[in-house]
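Trainee: Got a minute to go through this one with me? I'd like to start with a single residue and work outward.

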Amino acid sequence: MTTAQPRPFPFSPPRGLEPEPLFAELRRQEPLTRVVLPYGEPAWLATRYEDVKVVLGDPRFSRAAGAGRDEPRMRPHPAPPGNILGMDPPEHSRLRRLVTKAFTVRRVEQLRPRTQQIADDLVDAVLAQGPPADLVEAFALPLPITVICELLGVPFADRDDFRYWSDAFLSTSKYTPDEVLECMGKLREYMAGLIAERREHATDDLLGALVIARDDEDRLSEDEMLSLAEGLLVAGHETTASQIPNFVHVLLSHPEQLAALRADLDLVPQAVEELMRFVPLGVGAGIARYATEDVELGGVLVRAGEPVLPVMASANRDESVYHDPDHLDLQRQEASHVGFGHGPHHCLGAPLARMELRVALDTLLRRLPGLRFAGEGIEWKEGLSTRGPARLPVTWDN
């Protein structure tokens, strides 16, 4: 199978959590194929596990080289100035080091008791109300929002505002370009206001640490500080808030695997890894990397200056890496997934996300016996770059 003209990508509209059907064929016959996204210049699409890891981890593929280019993307708006996702080492490493300490495994484990308390309080409220409940609004959203608010120092009372701005930030078609730009401006004004408060009154939260790094140590610019704060707030709650109901939906749809997990909750950490592999969280592909020299990849010569889009969801279903990859196996022990990325841009908050997801699954399965779907009222997100239920009605045994 070869393509003379770039294919429009995504190939088909996302349907729930189903993988793109064409990826399997491309992995076998055309692992690098030319595509054109809704916005930006044409690009290569990498679908195999090993090729995706090369694009994400090999220094011959650059994020910074996209500066000034019409980067292939799902959203109409480009990334804001000073965005860490648009940098390569050593500039990327400089910014990443400023917040790494907040997300180490050791620091995240110190947050576990508070996260467990938040999860238990949310379930207490669900039990007091009685079934059915919308798992998204009652549990999946408030859990990671509360954690990231406390970590950053963002008022939880403002959650409705920044949830709206976050949706716009991640919009592919839900909002108009003008609405997106307006929300991005409001998010920046909001973060600038919180930073100004810390310049008046120092705090020991992560925003306070960024202000010290900016004002006292000159380790980042004002734009870099604002972009980093915005990115931490949006990514720090949105992906986990999507994955909690995604994971529950998948488990409820695989009763044998769910029964095995209920019988042995010590499997929860491994279950989280398998679910990270299995669930296609994003719509489309990862952020483009630009070849800085000619590179042979997937049997194709990628020329210097050409962008390549890594598809993590396809890599995680690669038949050459995983046995029966479309089968959910909570005891799978094969190669590590790339659900959190790979290389320099490997998800900074991965330890926090893992801990939150483990606490969430363990708590729900312990405290809501017989957890199951409640009718047909599931509503899926539309027009956003992340997949997941916007509403997931569940019930349980009293």
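Mentor: Sure, start at His249, which lies in helix H10; helices (H or I, at least four residues) and strands (E, at least two) are DSSP runs, numbered from the N terminus. This is a predicted model, where local features need pLDDT of at least 70, side-chain atom pairs count only at pLDDT 80 or more, and totals for chains, interfaces and linings use all residues. Residues are numbered from 1 along each chain as its sequence is written, and side-chain values use heavy atoms, with hydrogens and water left out.

Trainee: Okay, is His249 buried or exposed?

Mentor: His249 is buried, at a relative accessible area of 16%. Buried means under 20% relative accessible area, exposed over 50%, and partly exposed in between (1.4 Å probe, protein chains only).

Trainee: And what does His249 touch?

Mentor: Leaving out residues up to four places away in sequence, His249 touches Leu17, Phe373, Ile378, Trp380 and Leu392. Contact means heavy atoms within 4.5 Å.

Trainee: What about Ile244, where does that lie?

Mentor: In helix H10, residues 222-252. Ile244 is buried, with a relative accessible area of 2%. Beyond residues up to four places away in sequence, Ile244 touches Phe139, Ala140, Leu143, Pro144, Leu357 and Ala360.

Trainee: And Thr240, which residues does that one touch?

Mentor: Pro144, Ala353, Glu356 and Leu357, again not counting residues up to four places away in sequence. Thr240 is found in helix H10 and is buried, with a relative accessible area of 3%.

Trainee: Switching to H6: how many of its residues are buried?

Mentor: Ten of the eleven residues in helix H6 (142-152) are buried, so the helix is mostly covered. Leu143 and Pro144 are among them, as are Ile148 and Cys149. Just after H6, Gly153 takes a positive phi of about 100°.

Trainee: New topic, helix packing. At what angle do H4 and H14 pack?

Mentor: H4 (residues 105-129) and H14 (residues 350-367) pack at about 35°, with their axes 9 Å apart. Axes are lines fitted to C-alpha atoms, for helices over the stretch in contact, and angles run from 0 to 180 degrees between N-to-C directions.

Trainee: Who makes the contact?

Mentor: On the H4 side, the residues include Val105, Val108, Arg112 and Leu127, and on the H14 side they include Leu352, Met355, Val359 and Arg367. By class, the contact residues are eleven nonpolar, three polar and seven charged. Here Ala, Val, Leu, Ile, Met, Phe, Trp, Tyr, Cys and Pro count as nonpolar, Asp, Glu, Lys and Arg as charged, and the others, Gly among them, as polar.

Trainee: Last area: Tyr39. Where is it found?

Mentor: Tyr39 is in the loop between strand S2 (32-36) and strand S3 (43-46). Tyr39 is partly exposed, with a relative accessible area of 30%.

Trainee: What does Tyr39 touch, then?

Mentor: Not counting residues up to four places away in sequence, Tyr39 touches Glu71, Pro72, Arg73, Met74, Arg75 and Pro76. The C-alpha atoms of Tyr39 and Asp70 are separated by 8.0 Å, and those two residues are 31 apart along the chain.
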